[in-house]
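The following report describes the chain as a whole before turning to its helices and its surface. Please read it beside the sequence and the coordinates.

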Amino acid sequence: MTVRYELNGVEETIDEAPEKPKRPLMQAMMRGAMGRCMSCGKGQLFDGFLATQDACSNCGEEFHHQRADDAPPYFTITIVGHIIIPGLLIVEMMWRPELWIHMAIWIPLTIILSLALMRPIKGALVGLQWAFYMHGFDPDAEDDLPAASPHLESPR
């Protein structure tokens with residue numbers, strides 16, 4: 001796309017970079033949630049429980065620069081809380097069980113749901129980053145991590 005404008009009688013032309021092809025958002029997030037490469041859908045996304053592979057073993061798409069950071073635990077806590085709290089309140093209002101029964105039900109259920117949802121949520125967030133060309137998934141972008149300053153290094 002070319003933009004032309006005139007300022008003080010001088011015409012200027014700005015050539016913008018061509019738009020990148022759209023990546024399928026829902027497909028990328030679903031593949032990520034299933035632990036698969038967002039690009040090809042065949043390679044593994046994860047190397048451990050939450051650690052990502054450096055790159056896809058099938059198509060070579062790089063994952064090492066993803067930055068999900070604290071978003072997966074935040075979304076996991078939000079989703080699990082919206083499941084557990086209403087369930088706890090419904091059980092309390094209908095049957096009024098003893099406190100130990102609540103603890104026996106809701107603590108393990110909270111832990112199980114948290115562990116079950118954390119990895120798919122992180123995969124979906126990495127898929128979202130890939131689909132929107134965020135955090136290193138844009139081949140034309142500059143590095144978005146600041147370079148280390150030499151004066152911040154510790155003395156030896």
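The protein chain exposes about 11,200 Å², of which carbon and sulfur atoms supply 61%. This is a predicted model, and of the 156 residues in the protein chain 27% count as buried. The chain holds three helices and two strands, which follow one another along the sequence in the pattern β-β-α-α-α. Among the contacts in the protein chain with a separation of 6 or more, 51% are accounted for by residues 24 or more positions apart.

Chain-wide values are collected here.

| Property of the protein chain | Value |
|---|---|
| Exposed area | about 11,200 Å² |
| Share of the exposed area from carbon and sulfur atoms | 61% |
| Share of the 156 residues that count as buried | 27% |

Helix 1, residues 25-33, packs with helix 3 such that their axes come within 6 Å and cross at roughly 145 degrees, and this crossing is right-handed. On the side of helix 1, the residues that meet helix 3 are Leu 25, Ala 28, Met 29, Gly 32 and Ala 33, while helix 3 contributes Pro 120, Gly 123, Ala 124, Gly 127, Leu 128, Trp 130 and Ala 131.

Helix 3 spans residues 99-131 and also contains Ile 111, a residue that takes part, together with Phe 49, Leu 99, Met 103, Ile 107 and Leu 115, in a nonpolar surface patch of about 610 Å². Ile 111 counts as partly exposed because its relative accessibility is 48%, a value that lies between the 20% and 50% limits of that class.

Key:
Residues numbered from 1 in each chain as written. Predicted model: local features only at pLDDT ≥ 70, side-chain atom pairs only at ≥ 80, totals over all residues. Heavy atoms only, no water. Patch = residues over 30% accessible without salt bridge, like charges linked within 9 Å, V, L, I, M, F, W, Y side chains within 5 Å. Areas by Shrake-Rupley, 256 points an atom, 1.4 Å probe, with all protein chains shown as cover. Salt bridge = Lys/Arg side-chain N within 4 Å of Asp/Glu carboxyl O. Helix = DSSP H or I, 4+ residues; strand = E, 2+ residues; numbered from the N terminus. Buried < 20%, exposed > 50% of the residue type's maximum accessible area, 1.4 Å probe, protein only. Axes fitted to C-alpha atoms, helices over the stretch in contact; angles between N-to-C directions. Left-handed = near helix turned anticlockwise from the far one by under 90°. Contact = heavy atoms within 4.5 Å.
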